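Visitor: I should like to understand the terms used for this structure. Please show it to me, and I shall ask about them in turn.

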Amino acid sequence: MRLATLRSDQGTFAARIESPGTAIPLDGYADVGSLLQEAEWREIASREAEPIAFAERDLAPVIPHPRKIICVGVNYADHIKEMGRETPRVPTLFIKFADALTGPFDDVLVPDYARNALDWEGELAVIIGRRARRVAAADASDYIAGYAVMNDYTMRDYQYQTLQWHQGKSLEGSAGFGPWMTTADDFDFGDNRLTTHLNDELMQDARIDDLVFQPATLIEHISHIYPLDPGDVIVTGTPGGVGHARDPKRYISDGDVVTIAIDRLGRIANTTVFE
């Protein structure tokens, strides 16, 4: 099952994607995040109603206002190598604010002071479906509502001004998120691949099961620090191929389109526009 947050003239609403361009509205729920607050969200999402048509631009961030967005750094072996780091013993965590999110096909508007070192980071996002507190990895799958695609859009110059990465990771309206949430029962890691294109050029290509810390391990680790709530998002890290690690370095320019796809989860495509 694929659940999306769609825009309308009256605001946003949650919907179940039936086919390309066709969805079933889920009345009473402003977005997928509000739907996940219901213990019986799966049954609610399965209800039948009159289908509607939608365009890609109608897709909002699948969870527009998560309480927490926890990002994981250095979590693919090839990315660890290209960045010259050692394999971590425990997950490296940082926070992204909800203000950074944007729709899966929205433009990313960049002010003049933030244009110098813009980079792409294609990532698998894990969406929590029930409150998780001190959860064991063996039980973690019971707490996952589903999966989506995110671009951890990064200002590298801001990121490396200090030892803390957050300031480079939360540029307003920069992180495409969606296109929808594919429920956990409809997605198996298997050999699914993540790819990132800058315009037509392939930049990242990796199996998502090559993560150093898998979602279950991340949920165990994080939930022993603080609880995870329905609608919270864990962004699991990026594989090798980022622009900052290239020689010479490659950054996103005005008009560039970054397209990130994960097998069976769909794709997002955001155009950077210099304001």
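Visitor: What makes strand 2 and strand 3 a hairpin, and what is the phi of G21?
Guide: Two residues lie between strand 2 and strand 3 in this hairpin, and G21 in the turn has a positive phi of about 80 degrees. The model is predicted, so local features need pLDDT of at least 70 and side-chain atom pairs 80 or more, while totals for chains, interfaces and linings use all residues. Residues are numbered from 1 along each chain as its sequence is written, and side-chain values use heavy atoms, without hydrogens and water.

Visitor: How do you know that strand 2 and strand 3 pair?
Guide: Strands are DSSP runs of E with at least two residues, and helices are runs of H or I with at least four, numbered from the N terminus. Two strands pair if DSSP finds at least two bridges between them. Four bridges join strand 2 to strand 3, residues 22-25, so the definition of a pair is met. The two run antiparallel, and S19 stands opposite T22 in strand 3.

Visitor: Why is V74 called buried?
Guide: Buried means under 20% relative accessible area, exposed over 50%, and partly exposed in between, with a 1.4 Å probe and protein chains only. V74 has 9%, and therefore counts as buried. Its place is in the loop between strand 5 (69-73) and helix 3 (77-82).

Visitor: Why does E275 count as exposed?
Guide: Its relative accessibility is 59%, and the limit for exposed is over 50%, so the term applies. E275 lies in the segment after strand 18 (266-274).
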